[in-house]
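Here are a few short exercises to work through with the coordinates open beside you. Try each task before you read its solution.

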Amino acid sequence: MNEETIFKIRQILNIIFMLGAVVGVVIYLASDKFIGTVVVLCAMAFKMMEYIIRFMRPRN
């Protein structure tokens with residue numbers, strides 16, 4: 001994969017993370033703390049995927 005494709009994938013993963021984190025915090029504060037925590041943890045899984053892509057790809 002080229003740099004541009006990797007950058008787009010990372011951007012999509014970051015957007016999913018940010019949306020998931022915001023939704024999770026809103027759920028946590030508005031209604032169910034357990035469900036909110038689960039949503040935030042799932043969002044963090046996307047952030048970890050982005051982190052792995054960022055640091056594990058070979059550099060020239």
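**Exercise 1. The helix pair**

At what angle do H1 and H2 pack, and how far apart are their axes? Keep in mind that the model is a predicted one.

*Solution.* Start with the general idea: a pair of packed helices is described by the angle between the axes and the distance between them. For H1 and H2 the angle is about 165°, and the axes lie 8 Å apart. Next, classify the angle. Over 145 degrees counts as roughly antiparallel, and H1 and H2 are therefore roughly antiparallel to each other. The handedness completes the description: H1 and H2 cross in a left-handed sense. Finally, sort the residues of the contact of H1 with H2, which gives 18 nonpolar, five polar and five charged.

**Exercise 2. Checking the helix lengths**

Work out what span to expect for H1 and for H2 at 1.5 Å a residue, then compare with the distance between the end C-alpha atoms.

*Solution.* Remember that the rise is multiplied by one less than the number of residues. Take H1 to begin with: it covers residues 3-30, which is 28 residues, so a span of 40 Å is expected. The end C-alpha atoms of H1 are 40 Å apart, in agreement. Now take H2, which runs over 33-56. Its 24 residues should span 34 Å, and the end C-alpha atoms of H2 are 34 Å apart, which agrees as well.

**Exercise 3. Buried positions**

Which residues of H1 are buried, and which of H2?

*Solution.* In H1 the buried residues are Ile6, Arg10, Leu13, Asn14, Gly20 and Gly24. They pack against H2. In H2, the buried residues are Gly36, Ala43 and Glu50, and H1 is among the things that cover them. When you look at the spacing of such positions, a helix rule helps: an α-helix has 3.6 residues a turn, so residues three or four places apart point the same way.

**Exercise 4. Two buried residues of H1**

Find what Asn14 and Ile6 touch, leaving aside residues up to four places away in sequence.

*Solution.* Begin with Asn14, in helix H1. Its relative accessibility is 13%, so Asn14 counts as buried. Its contacts are Lys47 and Glu50. Then turn to Ile6, also placed in H1. Ile6 has a relative accessible area of 13%, which makes it buried. Ile6 touches Met1, Ile53 and Arg57. As a last step, take the C-alpha distance from Ile6 to Glu50: the two residues are 44 apart in sequence and 9.7 Å apart in space.

**Exercise 5. Accessibility and distance**

Are Val23 and Ala30 buried, partly exposed or exposed?

*Solution.* The cut-offs needed are under 20% for buried and over 50% for exposed, with partly exposed in between. Val23, in helix H1, has 45% relative accessibility and so counts as partly exposed. Ala30, in H1 too, comes out at 64% and so counts as exposed. Now add the distances. Val23 and Glu50 are 27 residues apart in sequence, and their C-alpha atoms are 19 Å apart. For Ala30 and Arg10, 20 residues apart along the chain, the C-alpha separation is 30 Å.

Technical notes:
Residues are numbered from 1 along each chain as its sequence is written. This is a predicted model: local features need pLDDT of at least 70, side-chain atom pairs count only at pLDDT 80 or more; totals for chains, interfaces and linings use all residues. Side-chain values use heavy atoms; hydrogens and water are left out. Helices (H or I, at least four residues) and strands (E, at least two) are DSSP runs, numbered from the N terminus. Buried means under 20% relative accessible area, exposed over 50%, partly exposed in between (1.4 Å probe, protein chains only). Contact means heavy atoms within 4.5 Å. Axes are lines fitted to C-alpha atoms, for helices over the stretch in contact, and angles run from 0 to 180 degrees between N-to-C directions. Angles under 35 degrees count as roughly parallel, over 145 as roughly antiparallel, 65 to 115 as roughly perpendicular and the rest as oblique. A crossing is left-handed if the near helix is turned anticlockwise from the far one by less than a right angle, and right-handed if clockwise. Ala, Val, Leu, Ile, Met, Phe, Trp, Tyr, Cys and Pro count as nonpolar, Asp, Glu, Lys and Arg as charged, and the others, Gly among them, as polar.
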